[in-house]
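Hello,

Here is the structure I promised to pass on. Have a look at it first, and my notes follow below.

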Amino acid sequence: MSVRQDTIFQQFLVPLFENVLVDPEALKQFKHSINWEEESTRLTNPRLTYPDYYHSQNFHGIKGGYLNSEAPVSYDPITQYVLPPAEPIVRQGLIDRIRVKPRRILDLGCGTGSTTLRLKQAFPEAEVIGVDLSPYMLVVAELKAKKAGLKIQFHHANAEETGFPDASFDLVSASLLFHETPPDVAQTITQESFRLLQAGGEMIVLDGNQQTLRQTEWLTEIFEEPYIKAYAAASLNAWMTQAGFAQVQTDDWWWVHQISQGIKPIVKNTSTSTRSQTQVSYNKPEIDSSAGRPAPA
Ligand SMILES: C[S@@+](CC[C@H](N)C(=O)[O-])C[C@H]1O[C@@H](n2cnc3c(N)ncnc32)[C@H](O)[C@@H]1O
C-alpha cells in the first residue's frame, strides 16, 4: 500500500520535521545503534497473529505501519511536537487523574513506553507491564526503561486478547491507542480491560478528543490515520459503560485530547430470607483521594 501524499503531515509537516525540527543524523545514528533483526526477534511472540486492521494499513505515513524499525526510530522525535501544549503535560494528565493506588498495572498499546515509564515512576512499588503488537516499538520501550533504571516488563501481545488471567490487574491504561483501532476493536479492548481488572480496579484512557475531532475535520486529516474518523464518531464513554464500567467520565484535556476513566464495580450477592439481591458497589479503600484534577485549558 502506497503512502498517502495528500495529508497535512506529508505536505507541510514532513518537510518541517526533516529540515528543521528533527536531526536526521541523530535518527540515523540511533537506527544504526540497534540490531533490529535480533532485538525484534527476541521480543516477538511467535504464536501471535496480527489482526488485519493492523498490518493492512499505513500509520502516520509509514509504509507497513508499526511493523518495521522506521516507526520506533521516528516516533518519539515526532510525538514530542504533536501533543499540544507539550507532550509531558499531556501524558502527566493521565497519571494525575488515576483514582486507585495500583499494585499491578497494564499499559495497552504501550508503543515506545513513554506513558509506561511515567506509570512506573508514579507508582514505583507497582508491577508494571506494557504490551504492544509491534516488537519494534517494544525494542525502544525496553531500551528507554533500561536507561531510566526502571523495572518494567514488555510483552508482544494483542490488547484485544492479552492472555493474562481474569482480575489480574488493578489499573489498565491506554494512551493514544484507541484512535488507531477500528471501533469494534476498541470495544473488544475495552471488554478485555474489564475482564483483566479486579473489582474496584480502574481503566484510564488518554486519546484524541472525540468531540473536538467531530467538530474540526482538518484535525482528522493531519496524519495518515486510517481509523480516526470512525473513532471520532464514536464514544469512549459508551464503550466503557457497555463493557460494564461504573463512574465513567471523560474530561477534555487541552481541547484536542481527552481522558476517559471508569471503575470496575464490585458485585455483591446479598441473600435475604425471601430472595437473593445483587448490589453493585465500589472498592473505596483503594481510591486515592489526593489524586490531582487539573482543569482543562
Ligand atoms: C500511537 S501509538 C501509541 C503508543 C504509546 N501508547 C504512546 O502513548 O505513545 C499506538 C500503538 O498501539 C499499538 N497497537 C495498535 N493496535 C494494538 C493492539 N490491538 N494491541 C496492542 N497494541 C496495539 C501500535 O503498535 C502502536 O505502538
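Tyr81 is partly exposed because 14 other C-beta atoms lie within 10 Å (20 or more would make a residue buried, 12 or fewer exposed, and partly exposed is in between, with C-beta atoms placed from the backbone). Tyr81 sits in helix α5 (residues 70–82); helices are DSSP runs of H or I with at least four residues, strands are runs of E with at least two, and both are numbered from the N terminus. From Tyr81 to Val22 the C-alpha distance is 9.9 Å, although 59 residues separate them in sequence.

Please keep in mind that this is a predicted model, where local features need pLDDT of at least 70, side-chain atom pairs count only at pLDDT 80 or more, and totals for chains, interfaces and linings use all residues. Numbering runs from 1 along each chain as its sequence is written.

On the whole chain: there are 12 helices and nine strands, and 36% of the 297 residues are buried.

Now the core. The largest nonpolar core (buried Ala, Val, Leu, Ile, Met, Phe, Trp, Tyr and Cys residues joined through C-beta atoms within 7 Å) has 56 residues, of which Leu106, Leu108, Val172 and Val205 touch the most other members. Helix α8 (residues 135–147) gives the largest share of this core, seven residues. Beyond its neighbours within four places in sequence, Leu106 is in contact (C-beta atoms, placed from the backbone, within 7 Å) with Ile129, Val131, Phe169, Val172 and Leu196.

Best wishes

How values were computed: Contact = placed C-beta atoms within 7 Å.
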